[in-house]
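Me: Please take a close look at how charged side chains pair with one another here. I would like one connected account, which then follows the chain from those pairs into their surroundings.

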Amino acid sequence: MIRIEPRVQGFTEELQTLYKQLQPSTLGHLTDFGFLRGIQPLFRPIRMLGNAVTVRIPHLDSTAIRHALQHVMPGDVIVVDMSGDDFRACWGEFRTYVAMKKGVAGVVISGCATDIKVVRELNFPVFALGTSALTTRSLELEGEVNTPISVGGVTVHPGDIVLGDDDGVCVVRPQHAQALGEQALAKQAQEAINRQKYGYDLIKPYPI
């Protein structure tokens, strides 16, 4: 049985404006919560920000992802809980095409992705545990869309804010996002001042 709950829009325009200016690593100075352990970008450089649409699949059967792609809105991030399967790939080239046509901001997977060459060329943000040539199937057995899930040791709720870049992914509950985001923005502003104060902004990279 595929269980599909209503999509949740937790990411307001105000929060989007704020979080567009932030880096996950800045939030990492302010809180220990919300950082997805083991989840890495499929390629770099990369940047992702959006509203969580959650999916839970039972290992082999990834039918629920197809249903999620029918319900997403522009700016959503699809977050997939693979129920402990860290070897199969549930995401690849053709799901990327569909997601891009829908305006999806990116994908986070507690397992693997495939077709990395095409995904990189399309510059579509994918964060996962790794890559694999072994894939899931569409079997119409079971799955959930827009229910609380667990990815990288973090409970992700529909409508959470998902922020990712070269360093990794963090998830923020909307009700806590304003205060945390304002703290992070102030920290980044102070860091910019310190770069100028100590001349770090003038230091050139080492030649390769």
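Reply: Helices and strands are taken here as DSSP runs, a helix being of type H or I with at least four residues and a strand of type E with at least two, and both are numbered from the N terminus. The model is a predicted one, and by that reading the secondary structure of the protein chain comes to 6 helices and 14 strands.

The structure holds 9 salt bridges. A pair that sits within a single helix makes a simple start: Glu121 forms a salt bridge with Lys117, their closest N and O atoms lying 2.7 Å apart. Both residues belong to helix H5 (residues 116-122), and because they are 4 residues apart there, about one helical turn separates them. Glu121 is exposed, with a relative accessible area of 55%, and Lys117 likewise counts as exposed at 55% relative accessibility.

The pair of Glu144 and Arg56 has another setting. These two form a salt bridge in which the closest N and O atoms are 3.0 Å apart. The pair links distant parts of the chain, since Glu144 lies in strand S10 (residues 143-145) and Arg56 in strand S3 (residues 47-56), 88 residues apart. Glu144 is buried, with a relative accessible area of 15%, which places it under the 20% that sets the limit for a buried residue. Arg56 is partly exposed, its relative accessible area being 34%. Neither residue stands alone in this, for Arg3, Glu5, Arg56 and Glu144 are linked in a network of salt bridges.

A further pair also bridges separate stretches of sequence: the side chains of Glu140 and Arg66 meet in a salt bridge, with 2.3 Å from N to O. Here too the pair links distant parts of the chain, Glu140 being in the loop between strand S9 (130-131) and S10 and Arg66 in helix H3 (residues 63-71), 74 residues apart. Glu140 counts as partly exposed at 43% relative accessibility, and Arg66 is partly exposed with 32%. Helix H3 also holds His67, which counts as buried at 16% relative accessibility. Leaving aside residues up to four places away in sequence, His67 touches Ile2, Ile4, Glu140 and Val145, and Glu140 is therefore a neighbour of His67 as well as the salt-bridge partner of Arg66, where touching means heavy atoms within 4.5 Å.

Arg56 offers a way from the salt bridges into the sheet. Its bridge partner in S4 is Asp81, and S3 and S4 pair in the parallel sense over 6 bridges. Strand S4 (residues 76-81) is mostly covered, as 6 of its 6 residues are buried. Asp76, Ile78 and Val80 point one way from S4, Val77, Val79 and Asp81 point the other way, and all of them are buried. S4 also pairs with strand S6 (residues 106-109), again in the parallel sense, over 4 bridges, and in that pairing Val80 stands opposite Ile109 in S6.

Ile109 in turn leads to the nonpolar interior. Not counting residues up to four places away in sequence, Ile109 touches Ile39, Val80, Met82, Cys90, Trp91, Val126, Phe127, Ala128 and Leu129. The largest nonpolar core has 42 residues, and those with the most contacts inside it are Ile78, Val79, Trp91, Val108, Ile109 and Val162. Apart from that core lies another, of 14 residues, among them Tyr19, Leu27, Leu49 and Val172. In soluble globular proteins, nonpolar side chains tend to be buried together.

The values for the whole chain give these details their frame. Of the 208 residues of the protein chain, 47% count as buried. Among contacts with a separation of 6 or more, 77% are made by residues 24 or more positions apart. A compact globule of 208 residues would have a radius of gyration near 17 Å, and the protein chain, with 18 Å, agrees with that. Its C-alpha atoms fill a box of roughly 60 × 45 × 30 Å along the principal axes. The protein chain exposes about 10,800 Å², of which carbon and sulfur atoms supply 55%.

Technical notes: Residues numbered from 1 in each chain as written. Predicted model: local features only at pLDDT ≥ 70, side-chain atom pairs only at ≥ 80, totals over all residues. Heavy atoms only, no water. Salt bridge = Lys/Arg side-chain N within 4 Å of Asp/Glu carboxyl O. Buried < 20%, exposed > 50% of the residue type's maximum accessible area, 1.4 Å probe, protein only. Pairing = 2+ DSSP bridges. Rg over C-alpha atoms; globule rule 2.2 N^0.38 Å. Areas by Shrake-Rupley, 256 points an atom, 1.4 Å probe, with all protein chains shown as cover. Core = buried A, V, L, I, M, F, W, Y, C linked by side-chain atoms within 4.5 Å.
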